[in-house]
There are 2 protein chains.
Amino acid sequence: MNLKQLSELLELSQTTISRALNGYPEVSERTRLKVLEAAQRHGYKPNSNARKLATGRAGSIGYVLPVGRNVDLDPHFVEFLSGLGEHALAREVDLSLTPAPYEREAEAYHRIAASRSVDGVYLSSMRNDEQRISLVRKLGIPFLAHGRALIPAEGYAFLDIDNEGAFHDATRLLLHLGHTRLAFINGDTDFTFAVHRLNGVIRAMTAHGLPIETLQHHSAAMNEENGYRLAMALFRDTDPATRPTGVLSASMFTTLGIVRAFNQLRLRMPDDVSIITHDDVFPFLKPESFTVQLTTTRSSIRAAGARICERLVDIISGVEAGAVQEIWPVDLVVRATTGPAPAEGKRARGRAAEAAE
Amino acid sequence: MNLKQLSELLELSQTTISRALNGYPEVSERTRLKVLEAAQRHGYKPNSNARKLATGRAGSIGYVLPVGRNVDLDPHFVEFLSGLGEHALAREVDLSLTPAPYEREAEAYHRIAASRSVDGVYLSSMRNDEQRISLVRKLGIPFLAHGRALIPAEGYAFLDIDNEGAFHDATRLLLHLGHTRLAFINGDTDFTFAVHRLNGVIRAMTAHGLPIETLQHHSAAMNEENGYRLAMALFRDTDPATRPTGVLSASMFTTLGIVRAFNQLRLRMPDDVSIITHDDVFPFLKPESFTVQLTTTRSSIRAAGARICERLVDIISGVEAGAVQEIWPVDLVVRATTGPAPAEGKRARGRAAEAAE
DNA sequence: GGACCTTTTCAAAGCGCTTTGAACATTTGG
DNA sequence: CCAAATGTTCAAAGCGCTTTGAAAAGGTCC
């Protein structure tokens, strides 16, 4: 059933039917009702491709999905997607994923732009050497960034969380608790969020008069394996009098590995070591789901997804103008993995001896 | 730059250019090269909506994304998506996600069918009371199911793993190791995969002459929390002489929780309890990433995603005909969490006393 | 009742592509 | 050298919708 058939059936012009269906005012209520009822009854739905061609609007938002050997979509993405999807539903837009390997990303954006398959895109996982912003701008694709480039002055719209503030506050808490030897198991510092977090740590240490050279900083993809590996490296062979007593961790998955290392080394939280983890609020892995409940910096990545969708739709429709830069504060939620730094005396040595066996 | 402009530029008809670009034979090599070069140089890409309208093909595959309060996309989905994306790239198709709450799922498929926005869909998370197969068939949307309904005789194409065989084999291993009190922390038995798995467990027990009433079976969404909760319920207050010694777990996330419970209860793997987990091969959470490396039934959900995409594209293009039903075998990978059932004597009691303190 | 608005409907022209059927150009075979 | 066969290009007709500009219908007022 297409428009023409319906129009013949109703003995009305295609124009009138189109207008009735799309809520234009220049059609009488009586005919509108008649049309609506007939469309419903015959299950008429406009062909989306024809409509897209005629209007130039695609009714969907796009994302270039990184794929390939070295790229793993991680669970962060699925949570983000959930939020996005929820809002997309409300706004009746679809989400179109264009897979592309990292090296051919630019090509994917070119294709998107030329083919008009989506109305706008969102960018995420912003990198230090971010190319995409100027690219999509050049291509004239409306966009919204999740996260931001290192130099935020460039004047584009984004949504980000206050990574710098979050890790500043977390670090300050550790410092106030008397920790003076800190380790930071960070995400990949090719991404700006990791750089911002490091900046936050450094700012807090500097403000506290602690030389930043004392920070043990490691950068790697946020997963269990790396958490375990780096925690083992940091704690296995290290003199208990000099090893870190406070750890900052970039994600729940990283912490999963760190905790495994701690268990293996018989280090106890928070007696031997305190840890603060960033929590993106996964429904499938919660900070309460650890034997010692995790102290976290918390920000729902799902909520960010919903908001991104909302704003991107607004940007596309022109409701949101200019380069709105939205930065969400991050909660610091104190649970059980943070405590006073262990005393340097007998106790620490005792534990160390135990761990060595 | 559109086709008309390009044709004027080259002083060729739109027909010729279209054919040159789409690789039709009735165009001379010389003109084809000329056209290709000019298209490249001016960055011409056909408008995808116009092409879709003209051909009736959408160049994308669809998925109805479940959203809403009670629905969480879980990490399984993101891995599946990675695989799908990889193959989608190779075949140059996009992936279109239509969000819909569970109650309005049917409506979403109707919209997809009427609007012709995708060429085919895949269905996943098949339920016992599966409605979608007959629906999409009625609507005439080409489809491929990931998983299968309870009665597989209905004659539709699917890809599934041998859940029944996997859990049969896992159970048989436990039985051969002397375990006689088994627990199965299953996924939600509203889904068929969980039913198939339960069938596998039952078949193995029956074959071994163990009454199935002795199986402690629990069904819940596969996450850390439920794993922990159910393991605590199973093991906390139970007489060590009667509590389970062998556990089957539906996912890595479930096992994360089970292991937490075991740690808390001071139960040791495999001395006090053996456990076999289904592993979907997540790059971010591996069976080796447990203090005691997990024995697993293994099947890559990512590979399934890639294969689904491949076959769906074939189905759409007519290369794959008929109702091909593909079932993948599942590996049983023995690592360190499986061992002989503990003897009923002194040792088990000793441990129990310890756990009780 | 006719002039003048306002409301409602319509025919037709796109949107940018693919594809059909015909025309023109070039080879080939006898 | 001409007819047939083959190779190459083209004009025009869709695909199914939206939207413009004009026409028809219905009200209002003096």
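## Surface near DNA strand D

In this predicted model, helix 4 of chain A contributes five residues to the surface near DNA strand D, the largest share of that surface. In total, 26 residues surround DNA strand D, and the closest of them are Asn2(A), Leu3(A), Ser18(A), Ala54(A) and Thr15(B). Two or more residues each come from helix 1 (3-10), helix 2 and helix 4 of chain A, and from helix 2 and helix 4 of chain B. Both chains therefore take part in this surface, which by class holds nine nonpolar, 13 polar and four charged residues.

## Surface near DNA strand C

Around DNA strand C there are 26 residues, of which Thr15(A), Asn2(B), Leu3(B), Ser18(B) and Ala54(B) come nearest. Here helix 4 of chain B gives the most, with five residues. At least two residues each are supplied by helix 2 (14-21) and helix 4 (48-55) of chain A, and by helix 1 (3-10), helix 2 (14-21) and helix 4 of chain B. The division by class is nine nonpolar, 13 polar and four charged residues.

## Relation between the two chains

A turn of 180° with a shift of 0.1 Å along the axis lays chain B on chain A with an RMSD of 0.2 Å. This is the relation of a two-fold axis. Within chain B, the residue whose C-alpha comes closest to the rotation axis is Ser96(B), at 2.3 Å.

## Contact between chains A and B

The contact involves 51 residues of chain B and 51 residues of chain A. On the side of chain B that touches chain A, two or more residues each come from helix 4 (48-55), strand 1 (60-67), helix 5 (75-91), strand 2 (94-101), helix 6 (105-115), helix 10 (224-235) and helix 11 (252-265) of chain B. Helix 5 of chain B provides the largest share, nine residues. By class, this side of chain B comprises 23 nonpolar, 16 polar and twelve charged residues. The copies meet through the same surface, because 100% of the interface residues of chain B are also interface residues in chain A.

Strand pairing also links the chains: strand 2 (residues 94-101) of chain A and strand 2 of chain B run antiparallel and are joined over three bridges. Within strand 2 of chain B, Leu95(B) stands opposite Leu97(A).

## Domains of chain A

Chain A is divided into domain 1 (1-39), domain 2 (60-161 + 302-329) and domain 3 (163-299 + 332-347). The C-alpha centres of domain 1 and domain 2 of chain A are 37 Å apart.

## A six-stranded sheet in chain B

Chain B contains an open sheet of six strands with mixed pairing, in the order 7-6-8-9-10-12. Strand 7 (216-219) and strand 12 (331-333) of chain B stand at its edges with a single partner strand each, so one side of each has no neighbour in the sheet. On average, neighbouring strands are turned by 15° against each other, direction ignored. Within the sheet, strand 6 (residues 182-186) and strand 8 (residues 246-249) of chain B pair in the parallel sense over four bridges. Ile185(B) has Ser249(B), in strand 8 of chain B, as its bridge partner.

Helix 8 (residues 163-176) of chain B packs on the sheet and touches strand 6, strand 8, strand 9 (274-279), strand 10 (295-298) and strand 12 of chain B. The direction of helix 8 makes about 165° with that of strand 9 of chain B. Helix 9 (residues 192-207) of chain B lies across strand 6, strand 7 and strand 8 of chain B, and runs at about 170° to strand 6 of chain B.

Definitions and conventions. Residues are numbered from 1 along each chain as its sequence is written. Chains are lettered from A and ligands numbered from 1 in the order in which they are written. This is a predicted model: local features need pLDDT of at least 70, side-chain atom pairs count only at pLDDT 80 or more; totals for chains, interfaces and linings use all residues. Copies are superposed by least squares on the C-alpha atoms of residues with pLDDT of at least 70 in both. Two residues are in contact if their C-beta atoms, placed from the backbone, lie within 7 Å. Ala, Val, Leu, Ile, Met, Phe, Trp, Tyr, Cys and Pro count as nonpolar, Asp, Glu, Lys and Arg as charged, and the others, Gly among them, as polar. Two strands pair if DSSP finds at least two bridges between them. Domain bounds come from an automatic or database domain assignment. A residue is near a molecule or strand if its C-beta atom, placed from the backbone, lies within 6 Å of it. Axes are lines fitted to C-alpha atoms, for helices over the stretch in contact, and angles run from 0 to 180 degrees between N-to-C directions.
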